[in-house]
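User: I would like a close look at one part of this model, namely its pockets and what lines them. Please take me through it carefully.

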Amino acid sequence: MNINQSLLARKQLERRLAPLREAKITAPPRGWIKAIREALGMTARQLAARMGASPSRIPVIEKAEVTGATTIKTMREAAEAMSCTFVYAFVPTKPLDEILRERANEKTRQDIARLDHTMRLENQALLKADLDDEQRRMVELILSGSLKGLWEDK
């Protein structure tokens, strides 16, 4: 994927993610399965029958959801058995471009600090304004190119 395609794909993904980030959906304390099942007036035995599982399996499934030990497959099966759609997503805490810019700033700050240190040792210290300008230039260069190296730690 070239850089322009990557930028367009990121913008399209961001449009889809923004409403999810704004919704701030949190799971019920006893989990989605139990909350929906009870709201529908469905017993554990009835859910088990609809899932093709044994009745003793439902409390195990509900507990596994709350502890994070469940599988996507189980969540999908439980949702379908209750006439629901299981939704699975990673929702960035802030816009993707903002995450990228913060990471680029972090990386360039490290590079600028090393450059500044070396220049000071050689008695060629740069002004803070010059260092800031160079950091801004480096950030824009990183963000306009391939992002592959952005997440490498030195």
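**The pockets and their linings**

Analyst: The lining of the second largest pocket divides into five nonpolar, five polar and two charged residues. This is a predicted model, and in it the second largest pocket has a volume of about 240 Å³. Its lining is made by 12 residues, of which I3, S6, G145, S146 and L147 lie nearest the centre of the pocket. Two elements, α1 (3–23) and α7 (128–144), give two or more residues to that lining, and α1 gives the most, with four residues.

Turning to the largest pocket, about 760 Å³ of space lies in it, and 22 residues line it, with I25, W32, F86, V87 and Y88 lying nearest its centre. The elements that give two or more residues to this lining are α2 (32–39) and α5, and the largest share, four residues, comes from α5. By character, the lining of the largest pocket divides into 17 nonpolar, three polar and two charged residues.

Because α5 (residues 72–81) also packs against another helix, its surroundings deserve a word: helix α3 (residues 44–51) and α5 pack at an angle of about 105°, with their axes 9 Å apart, and α3 and α5 are therefore roughly perpendicular to each other. On the α3 side the contact is made by L47, R50 and M51, and on the α5 side by T74, E77, A78 and A81. The residues of this contact of α3 with α5 divide into four nonpolar, one polar and two charged.

Notes
Residues numbered from 1 in each chain as written. Predicted model: local features only at pLDDT ≥ 70, side-chain atom pairs only at ≥ 80, totals over all residues. Heavy atoms only, no water. Axes fitted to C-alpha atoms, helices over the stretch in contact; angles between N-to-C directions. Parallel < 35°, antiparallel > 145°, perpendicular 65-115°, else oblique. Contact = heavy atoms within 4.5 Å. Nonpolar A, V, L, I, M, F, W, Y, C, P; charged D, E, K, R; others polar. 1 Å grid on protein atoms, 1.4 Å probe; cavity = no way out; pocket = protein on both sides within 12 Å on 5 of 7 lines; lining within 4 Å. Points joined across faces, edges and corners; volume = space filled by probe spheres on them.
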